[in-house]
Amino acid sequence: MKMGKQKLLSAALVMALAVGSISGEGVADAAKKASLKTKKMTLQVKGSKKIAIKNKSAKMKYTFQEQQKICGKGE
């Protein structure tokens with residue numbers, strides 16, 4: 001009798017998992033990652049240029065830093 005209840009319970013759990021995996025309600029679409037439109041840019045000293053961002057969110061704040069450090073000869 002106890003073994004029959006365990007088999008019934010395990011079969012019910014298997015069916016619940018199968019139905020849950022078939023229905024696509026748990027699947028969420030990931031948002032696209034923000035990226036720069038221009039990958040390379042050259043600026044003169046004290047120059048400025050606007051940066052365009054693709055897939056940007058209005059709620060987010062974006063900050064950028066130069067990738068390569070400016071090297072100079074020391075004294």
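The following exercises, with worked solutions, concern a predicted model of a protein.

**Exercise 1.** Determine which elements the protein has and in what order they run from the N terminus.

*Solution.* The count comes to 1 helix and 2 strands. Read from the N terminus, these elements follow the order α-β-β. Confidence can then be assigned to them: helix 1 has the highest mean pLDDT, at 85, and strand 1 the lowest, at 80. For the protein as a whole, the average pLDDT is 75, and 72% of the residues score at least 70.

**Exercise 2.** Check the span of helix 1 (residues 2-22) against 1.5 Å a residue.

*Solution.* Helix 1 holds 21 residues. The expected span is 1.5 Å times one less than the number of residues, which gives 30 Å for helix 1. The C-alpha atoms at its ends lie 31 Å apart, in agreement with that expectation.

**Exercise 3.** Decide whether helix 1 lies largely in the open, using the number of its residues that are buried.

*Solution.* A buried residue has under 20% relative accessible area. Among the 21 residues of helix 1, the number buried is 0, and therefore the helix lies largely in the open. Across the 75 residues of the protein, 0% count as buried. The protein exposes about 8,400 Å², of which carbon and sulfur atoms supply 58%.

**Exercise 4.** Locate leucine 43 and classify its exposure.

*Solution.* Leucine 43 sits in the loop between strand 1 (35-36) and strand 2 (53-54). Its relative accessibility is 45%, so leucine 43 counts as partly exposed. Together with Met41 and Ile51, Leu43 makes a nonpolar surface patch of about 250 Å².

Conventions. Residues numbered from 1 in each chain as written. Predicted model: local features only at pLDDT ≥ 70, side-chain atom pairs only at ≥ 80, totals over all residues. Heavy atoms only, no water. Patch = residues over 30% accessible without salt bridge, like charges linked within 9 Å, V, L, I, M, F, W, Y side chains within 5 Å. Areas by Shrake-Rupley, 256 points an atom, 1.4 Å probe, with all protein chains shown as cover. Salt bridge = Lys/Arg side-chain N within 4 Å of Asp/Glu carboxyl O. Helix = DSSP H or I, 4+ residues; strand = E, 2+ residues; numbered from the N terminus. Buried < 20%, exposed > 50% of the residue type's maximum accessible area, 1.4 Å probe, protein only. pLDDT = per-residue confidence, 0-100.
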